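User: I would like a close look at a single part of this chain, worked through slowly and with its surroundings included. Please begin from the question I put below the structure.

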Amino acid sequence: MQASTSRCVQGPRPSTARACRLASTSRAGPVRVQCTIQEARPSGSGSGTNGVPLGVTPKGAVPNRPILEVPDWENQVRRTSRLQHPNTPASLSRLRLFSGTANPTLAGEVAHYLGMELSKIKCKRFADGEIYVQVQESIRGCDVFLIQPTCPPVNDHLMELLITIDACRRASARSITAVIPYYGYARADRKVQGRESIAAKLTANLITEAGADRVLAIDLHSGQCVGYFDIPVDHVYGETVILDYLASKRIATGDLMVASPSYPHAPTRPKHTRFPPPFPPVTPADYLASKRIATGDLVVVSPDVGGVARARAFAKKLNDAPLAIVDKRRSAHNVSEVMNLIGDVRGKVAVLVDDMIDTAGTITNAAKVLAKEGAREVYACATHAVFSPPAVERLSSGVFQEVIVTNTIPVAPANIFPQLTILSVANLLGETIWRVYNAASVQALRD
């Protein structure tokens, strides 16, 4: 910005105003703005620029210093903002949604639910594996939501999340929310033996120190992970989506449907949403219904003692279905052995509930015990499909009637098998982001 004359203003000057031309650029091209430079004086009379009396020092101005005044600058900023985001509703003018490289498909579905587009970001890797991130639009003063699960390869995706948070912080974002559908290292949440690290706490510290103001996560491995963060954490549960799907199977006595989960779909979607979701809506009217499973024939099973609270909450949503527990002993990491079954499953449809399926050893061994104890059918339900080898071979071995997971982690085409059903959590994430952005209750999604 420079005046039309080369003479500098030094010290007090006579009460004259000098005109200058200010050239600014936007996406629509160069814009000429007329501005004036005057001097703030502690005394005097008459009228100054824009109707400000000469004898009054404008608020924030230093006496005997030149003042730059740009007429109509507020309207100019509004016009520039509309040109940059022409399709963004006014209610979302400060919301920016970014996606990392871990699960761009889910991020696109969330943006579709919110009726907006993903903001532009550049992420690449150098020849030596280092990650480079650049935000490619202005986010100054905006509320940023970064969607990046820390799924395999965990270290690469975690580092990308940290670098992206740092880039947004240095771009002057007003707030940064790390949306982590799958939180890696969550299983290292306590010391089982001496001289072990608690990687879940370390990861929480890294995310906080990188500059995140809030975390939004789905189905953390254990509740204490929420306490590892020194910033607010919104913990939502993928069971809501799975319960909707099970309800669509009309788990019924006769013709009366008894399963009615509490996830609010279309009624609570933002009024500005312009399109339906790009995936089939999960509504009560689908597949298990045709099997007409009586409520007395359904039992919810926890594959280990640690998941009893999760299975109990799941069973409560299914009209207080009975609960069974598999007593498991783990001899090493990713190695489990079933010891006992607590509960009656003979002649019933067993629904195994867990937060994740990694190598599928735990849930497959539990299914074999259930079949041995006389279960008529076995369903596996989990939020996070990690599917480390040999998970696919175990899950497709014929012990399960159906394996139901969500898309918090992208499932590779090579890991698809006939019994697999993948549900989308885009509606759940989109609704939660909308509520966080508008300071509404997130707990109401589960109540």
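Does Asp-355 count as buried or exposed, and at what relative accessibility?

Analyst: The model is a predicted one, and what follows should be read with that in mind. Asp-355 has a relative accessibility of 1%, and because the limit for a buried residue is under 20%, Asp-355 counts as buried. Its side chain is nevertheless paired, since the side chains of Asp-355 and Arg-310 meet in a salt bridge with an N to O distance of 4.0 Å. That contact links distant parts of the chain, for Asp-355 belongs to strand E16 whereas Arg-310 belongs to helix H7, and their positions lie 45 residues apart in the sense that they are 45 residues apart.

Arg-310 also has Asp-354 as a partner, and in this salt bridge the closest N and O atoms are 3.6 Å apart. Here again the pair links distant parts of the chain, with Arg-310 in helix H7 (residues 308-317) and Asp-354 in strand E16 (residues 349-357), 44 residues apart. Asp-354 counts as buried too, at 12% relative accessibility. Helix H7 and strand E16 are thus connected through Arg-310 by a salt bridge to Asp-354 and by another to Asp-355.

From strand E16 the picture extends to strand E17, because the two run parallel and are joined by eight bridges, a pairing for which at least two are needed. Within this pairing, Ala-350 has Val-378 of E17 as its bridge partner. The chain passes from E16 through helix H8 (residues 361-372) to E17, and the resulting β-α-β crossover is right-handed. Strand E17 itself (residues 377-385) has nine of its nine residues buried, so this strand is largely enclosed by the rest of the structure. Beyond E17 comes a further parallel partner, strand E18 (residues 402-406), which three bridges join to E17; in this pairing Ala-380 stands opposite Val-403 in E18.

Two helices elsewhere in the chain may be set beside strand E17. Helix H6 (residues 239-248) has 10 of its 10 residues buried, so H6 is largely enclosed by the rest of the structure; among its buried residues are the acidic-named positions Glu-239 and Asp-244, together with others including Tyr-245 and Leu-246. Helix H10 (residues 426-437) contains 12 residues and reaches 16 Å from its first C-alpha to its last, close to the 16 Å expected at 1.5 Å a residue. In H10, 12 of the 12 residues are buried, so this helix is also largely enclosed by the rest of the structure, and the buried residues include Glu-431, Trp-434 and Arg-435. H10 is followed by Ala-439, which has a positive phi near 55°.

To return to salt bridges, the count for the model comes to 13. One of them is between Arg-96 and Glu-137, whose closest N and O atoms are 3.5 Å apart. Arg-96 lies in strand E4 (residues 95-99) and Glu-137 in the loop between strand E6 (131-135) and strand E7 (143-147), so the pair ties together parts that are 41 residues apart in sequence. Arg-96 is buried, with a relative accessible area of 6%, and Glu-137 is buried as well, with a relative accessible area of 13%.

Terms used. Residues are numbered from 1 along each chain as its sequence is written. This is a predicted model: local features need pLDDT of at least 70, side-chain atom pairs count only at pLDDT 80 or more; totals for chains, interfaces and linings use all residues. Side-chain values use heavy atoms; hydrogens and water are left out. Helices (H or I, at least four residues) and strands (E, at least two) are DSSP runs, numbered from the N terminus. Buried means under 20% relative accessible area, exposed over 50%, partly exposed in between (1.4 Å probe, protein chains only). A crossover is right-handed if, with the strands pointing away from the viewer, the path from the first strand over the helix to the second runs clockwise. The expected span of a helix is 1.5 Å times one less than its number of residues.
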